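Visitor: I should like to learn how to read the features of a model such as this one. May we go through it step by step?

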Amino acid sequence: TPDLPTQAGERAHVMVTIPLQNLTSGLGTALLGDTGTLSAAEARIHACDCKLIPAVLDSASAPLDLGRARRLIPTNLRNALYLRDRGCAFPGCHRPPRHCQGHHIRHWADGGPTDLHNLALMCAHHHRLLHRSGWEVRIAADGLPEFLPPVWLDKRRQPRRNNLHQPIPTAA
Ligand SMILES: [Zn+2]
Ligand SMILES: [Zn+2]
């Protein structure tokens, strides 16, 4: 719906069932509604920035415990992320915040916190690339994200930044 005050609006709702072990390892498969399967690695990409209703099922798929819906990246944190990265943080990418999603640098399923120091704003294309290639992102000492290229691209893995997004103009 367009009701949410965030730029990207409410995300699509999808029910994914996945063994906890597959979610944390990124190996194996996850069930997508009643339509089929997707890889656990793909489920992790979507789970980076999602609204989560945790449910624990028994071996016969009967819900044992159903949690409350929780948006993993709350609105105020999302706004802070928009202000800091101002678009996809990947080097050379022009995409604006409304085309972006939050990437957990250390995935929340692995115990990574949902705070500014563990998040980077990424467009869908670069978010996928980051999950599937040798690129790595980290937050540098100045609090801004920087990207380490894979070894095959740069043997020394010199960090790179995106310098394309203009700073937010300050009011005169
Ligand atoms: Zn991610
Ligand atoms: Zn991008």
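Guide: The discussion below takes the metal sites, then the helices, then some single residues.

Guide: This is a predicted model, in which local features need pLDDT of at least 70, side-chain atom pairs count only at pLDDT 80 or more, and totals for chains, interfaces and linings use all residues. Residues are numbered from 1 along each chain as its sequence is written, chains are lettered from A and ligands numbered from 1 in the order in which they are written, and side-chain values use heavy atoms, with hydrogens and water left out.

Visitor: Which residues coordinate the zinc ion (ligand 1)?

Guide: Donors are N, O and S atoms within 2.8 Å of the metal (3.2 Å for Na, K and Ca); water is not among the atoms, so sites may look incomplete. Here Cys48 (SG), His103 (ND1), His127 (NE2) and His131 (NE2) coordinate the zinc ion (ligand 1) at 2.0 to 2.2 Å. Along the sequence, these donor residues follow the spacing C-x54-H-x23-H-x3-H. Distant parts of the chain are linked by the pair Cys48 and His131, which are 83 residues apart: Cys48 is in the loop between helix 2 (40–47) and strand 4 (51–52), and His131 is in helix 4 (residues 124–132). Helices (H or I, at least four residues) and strands (E, at least two) are DSSP runs, numbered from the N terminus.

Visitor: Why is the arrangement around the zinc ion (ligand 1) called tetrahedral?

Guide: Four donors count as tetrahedral if all angles lie between 85 and 135 degrees. The four donor atoms around the zinc ion (ligand 1) subtend angles of 104 to 116°, so the arrangement is tetrahedral.

Visitor: Are Cys48 and His131 buried or partly exposed?

Guide: Buried means under 20% relative accessible area, exposed over 50%, and partly exposed in between (1.4 Å probe, protein chains only). Cys48 is buried, at 0%, whereas His131 is partly exposed, with 27% relative accessibility.

Visitor: What are the protein donors of the zinc ion (ligand 2)?

Guide: They are Cys88 (SG), Cys93 (SG), Cys123 (SG) and His126 (ND1), lying 2.0 to 2.3 Å from the ion. Their spacing along the chain is C-x4-C-x29-C-x2-H. The arrangement is tetrahedral because the four donor atoms subtend angles of 98 to 116°. Cys123 and His126 are both buried.

Visitor: How should one read the placing of helix 2 and helix 4, whose axes cross?

Guide: Axes are lines fitted to C-alpha atoms, for helices over the stretch in contact, and angles run from 0 to 180 degrees between N-to-C directions. The axes of helix 2 and helix 4 come within 10 Å and cross at roughly 135°. Angles under 35 degrees count as roughly parallel, over 145 as roughly antiparallel, 65 to 115 as roughly perpendicular and the rest as oblique. Helix 2 and helix 4 are therefore oblique to each other. Contact means heavy atoms within 4.5 Å. In helix 2, Glu42, Arg44, Ile45 and His46 meet His127, Arg128, His131 and Arg132 of helix 4.

Visitor: How many of the eight residues of helix 2 are buried?

Guide: Six of the eight are buried, and helix 2 is mostly covered. These buried residues are Ala40, Glu42, Ala43, Arg44, Ile45 and Ala47. Their cover includes strand 1 (16–17), helix 1 (20–25), strand 2 (29–32), strand 3 (36–39) and helix 4. His46, also in helix 2, is partly exposed, with a relative accessible area of 44%. Not counting residues up to four places away in sequence, His46 touches Leu38 and Arg128.

Visitor: Which residues of helix 3 (residues 75–85) are buried?

Guide: They are Leu77, Arg78, Leu81, Tyr82, Arg84 and Asp85. These residues pack against strand 7 (70–71), strand 8 (100–104), strand 9 (119–123), strand 10 (136–139) and strand 11 (145–148).

Visitor: What is the phi of Arg86, which follows helix 3?

Guide: Most residues other than glycine have a negative phi. Arg86 has a positive phi of about 60° although it is not a glycine. Arg86 lies in the loop between helix 3 and strand 8 and is partly exposed, at 26%. Arg157, in the segment after strand 11, also is not glycine and has a positive phi, near 55°.

Visitor: With which residues is Gly102 in contact?

Guide: Gly102 is in strand 8 and is buried, at 0% relative accessibility. Leaving aside neighbours within four places in sequence, its contacts are Cys48, Asp49, Ile73, Leu81, Ala120, Leu121 and His127.

Definitions and conventions:
Four donors count as tetrahedral if all angles lie between 85 and 135 degrees; four count as square planar and six as octahedral if opposite donors are over 155 degrees apart and all others between 65 and 115; anything else is irregular.
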